[in-house]
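Work through the following exercises with the model open. Each task is followed by its solution in steps.

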Amino acid sequence: MIILGLVFIFQFGISCSCLAINRSKQTAVINASWWVMSNKTRDELERSLDCCGLFNLTTLYQQDYAFCTAICKSRRPTCQMCGEKFLKHSDEALKILGGVGLFFSFTEILGVWLAMRFRNQKDPRANPSAFL
C-alpha cells in the first residue's frame, strides 16, 4: 500500500509536468539537445525526417543548412526546419503521455483505497474462536 502510494505520487508529478510544459521550454530542451548531438546524428535525423537545420537562428542555421543532406533540399528551394517537426511531435507525445499517466495514477489511488479498506478483514472460513 505504501509503495503504491509512492508510485502514485511519482507518476502524478510526472504526468502533471508533461501536461504543463509549454512551447518555450520544449524549444529550449530541443535546442540544447541539438547542439550536444554529433554531426553524424544530426545528418541521420535530417535525412530520416526530411528537414534541414533546427531553428532559423541566422548564422547557425545557415551553417546547418549548408551541410544538410536531406532529400528535400534537392527537390525544393527551402526545406522545413527540423525544430518545427520536433516541436509538433513532442507536443503530441507529451499530451498523450500526460493523459495516460493521469489516468493510471488515479487508478493507483483506487488501489490504495481498496487496500486500506480491505486489509484488516478476517477470513470467513477461519475458526471464529481463533485469535487471528
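**Exercise 1: Packing of α2 and α6**

Helices α2 and α6 are oblique to each other. The model is a predicted one.

Task: Classify the orientation of α2 and α6 from the angle between their axes, then describe the contact.

Solution.
1. Helix α2 covers residues 23–36 and helix α6 covers residues 82–118; they pack at an angle of about 125°. Their axes are 10 Å apart.
2. Angles of 65 to 115 degrees count as roughly perpendicular and those over 145 as roughly antiparallel. The angle of about 125° falls in neither class, and α2 and α6 are therefore oblique.
3. The handedness of the α2 and α6 crossing is right-handed.
4. On the α2 side, the contact is made by R23, Q26, T27, I30 and W34. On the α6 side, the residues are C82, E84, F86, L87, S90, D91 and L94. By type, the residues of this contact are 6 nonpolar, 3 polar and 3 charged.

**Exercise 2: Aromatic pairs**

Task: Classify the ring pairs F12 with F106 and W34 with F86, and state whether each residue is buried or partly exposed.

Solution.
1. The structure contains 5 aromatic pairs.
2. In the pair of F12 and F106, the ring centres are 5.8 Å apart and the planes are at 75°. Planes over 60 degrees apart count as edge-to-face, and this pair is edge-to-face.
3. F12 belongs to helix α1 (residues 2–20) and F106 to helix α6, 94 residues apart, and the pair links these distant parts of the chain.
4. F12 has 30% relative accessibility and counts as partly exposed. F106, with a relative accessible area of 48%, is partly exposed.
5. For W34 and F86, the centres lie 6.1 Å apart with the planes at 55°, so the pair is tilted. W34 is in helix α2 and F86 in helix α6, so the pair ties together parts 52 residues apart in sequence.
6. Buried means under 20% relative accessible area. W34, at 0% relative accessibility, counts as buried, and F86, at 16%, is buried.
7. Ring pairs also join F8, F12 and F106 into a cluster.

**Exercise 3: Surroundings of L49**

Task: Find where L49 lies and which residues L49 touches, leaving out those up to four places away in sequence.

Solution.
1. L49 is in helix α3, residues 39–49.
2. The relative accessible area of L49 is 26%, and L49 is partly exposed.
3. With residues up to four places away in sequence left out, L49 touches K85 and F86.
4. S105 is 56 residues from L49 along the chain, and their C-alpha atoms are separated by 34 Å.

Terms used. Residues are numbered from 1 along each chain as its sequence is written. This is a predicted model: local features need pLDDT of at least 70, side-chain atom pairs count only at pLDDT 80 or more; totals for chains, interfaces and linings use all residues. Side-chain values use heavy atoms; hydrogens and water are left out. Axes are lines fitted to C-alpha atoms, for helices over the stretch in contact, and angles run from 0 to 180 degrees between N-to-C directions. Helices (H or I, at least four residues) and strands (E, at least two) are DSSP runs, numbered from the N terminus. Angles under 35 degrees count as roughly parallel, over 145 as roughly antiparallel, 65 to 115 as roughly perpendicular and the rest as oblique. A crossing is left-handed if the near helix is turned anticlockwise from the far one by less than a right angle, and right-handed if clockwise. Contact means heavy atoms within 4.5 Å. Ala, Val, Leu, Ile, Met, Phe, Trp, Tyr, Cys and Pro count as nonpolar, Asp, Glu, Lys and Arg as charged, and the others, Gly among them, as polar. Rings of Phe, Tyr and Trp (its six-membered ring) pair if their centres lie within 6.5 Å; planes under 30 degrees apart count as stacked, over 60 as edge-to-face and the rest as tilted. Buried means under 20% relative accessible area, exposed over 50%, partly exposed in between (1.4 Å probe, protein chains only).
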